[in-house]
Amino acid sequence: MPSIPPPPIRDLEGLLSPVLPAGTRVLGYKAEFLTAPGDNYGSTMLAIAVRTDTPPGKDTERRKDHEQTDGDNCGKDDDGLLHLVAKMRPSSEEFLEIFQIDTTFVKEAAVYLKIVPTLLALQREQGFDGEGELIDVFCRCYNARVSLDPAVEKVDEDGVMLFENLKRAGYVTADRRQGFSREMGRFVLQKLALFHAIPIALRYLKPDVFKAGIHKYLVKIDIDAGLSEATLRQMMDVFRQDIVRTGVEPELVVRAHSQIAECHRRQAQLISDRLSVYCTMLHNDLWVNNMMIKYDPASGKPCSLKFVDFQLIQMDSLVRDVIFFIITSVNDPELETQLDGYFEHYFQHLASNMRRLQFPTPGDFTLESFREEIDRVAPYELYHIVSMLRVVLARKESIPDQSEQDAALFFNDNLVEEDYYRRLEVTLRIYERRGWI
């Protein structure tokens, strides 16, 4: 079956000119799809190799205002090409509606161009200046646009974000069906704790800066708003069918399905979590495929981590990111008994970061209050977790290429196997035993 060609990137030179040496011309580029079918639905990801004619005597450092989290140059690779990743809107018309690109694209661009510099500025003001102290989970974004026409506000076929190519830098994505080990899960939680801590501190220490530079991009959206009523009914029917197939007790089937329906109702009505010290900027989609890891070649241990895909950022309780990541992405055969250990590991780093950020009342962060927050918020994350497990554990070989994807593929029973039903059962057992359903 023929594959579609990558979409063109027009006026690449205009997009790159702010971050390349003056006078540099883009001579051409080659592009190919970066991700396989089933690894990314909300966008089109391309790997591009750019040929330029950097003037003699000019280095390739980016301008200061494009600096993000470390000091590597924006230069050519050993092959003389500039290797980047281009993120564009999805090719499927249905997915354009489902993923609400006009909102989510703008959210993600704001993370790199607006929010990251603000977070780094606060850290530096609070004395985070040693190697490895500044938040480093963001890759570089060279530039972004929604259209070639500056008067256009909707994302069209020329909308694009340009990022560093993390794969060329040695980063890899884990197998989503295998998930992360216990050690890797704890490593991610440590990074996530700092990601959550800085916006909390900024909200209290500099409320005007937080409101003007970050909060306006954290508006909650109903990610299912683009689905038809028929698709929504089919989705709920599939969830109930899947829960029954796990073999859990009929009474638990009823309670779980009822809780999923309640979660969906709250999402559709844009109900936010109660505002507390635990409310912050959420990634809101932190699973295996939205992280890239670099391993130390000597020890084999993870040494660097990048979060990607910030299309769904919003402000809510940090518990949502924590529990969503653990259940969807950590493959621990003892997860039910080890869950408190993951929570405590995350909290220790969160509390430490809040003290370092000179949070006005660090005593507000106690393990007891965090546990109360978990019990209060976790019930409302069940729908998000269950709906994502079908995606995480889908069989790659059964997913069509980009030209043939639509919402119905998520409901195809041929996409899932026994590992999906086992993980779903574990999730339901955790929720039942902790009184979350």
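Which residue lies over the face of tyrosine 380? In this structure, which I should say at once is a predicted model, that residue is arginine 266, placed at 3.8 Å from the ring centre. A second arrangement of this kind involves arginine 356, whose charged end sits over the ring of phenylalanine 128, at 4.3 Å from the centre of that ring.

Let me turn now to rings that pair with other rings, for which the count comes to 17 aromatic pairs. One of them joins phenylalanine 180 and phenylalanine 325, whose rings are tilted, with 6.1 Å centre to centre and 45° between the planes. Because phenylalanine 180 belongs to the loop between β5 (160–164) and α4 (182–205), while phenylalanine 325 belongs to helix α8 (residues 319–329), this pair ties together parts that are 145 residues apart in sequence. As for their surroundings, phenylalanine 180 and phenylalanine 325 are both buried.

Another pair is made by phenylalanine 195 and phenylalanine 307, and here the geometry is edge-to-face, with the centres 5.7 Å apart and 75° between the planes. Since phenylalanine 195 sits in helix α4 and phenylalanine 307 in strand β8 (residues 302–307), the contact ties together parts that are 112 residues apart in sequence. Phenylalanine 195 is buried, and phenylalanine 307 is buried as well.

Finally, I would like you to look at a group of rings rather than a single pair. Ring pairs link Tyr204, Tyr278, Phe343 and Tyr346, together with Phe347, Phe359, Phe365 and Phe370, into a cluster, and you can follow these residues on the model in front of you.

Conventions:
Residues numbered from 1 in each chain as written. Predicted model: local features only at pLDDT ≥ 70, side-chain atom pairs only at ≥ 80, totals over all residues. Heavy atoms only, no water. Phe/Tyr/Trp six-rings, centres within 6.5 Å; stacked < 30°, edge-to-face > 60°. Helix = DSSP H or I, 4+ residues; strand = E, 2+ residues; numbered from the N terminus. Buried < 20%, exposed > 50% of the residue type's maximum accessible area, 1.4 Å probe, protein only. Lys NZ or Arg CZ within 6 Å of the ring centre and 35° of its normal.
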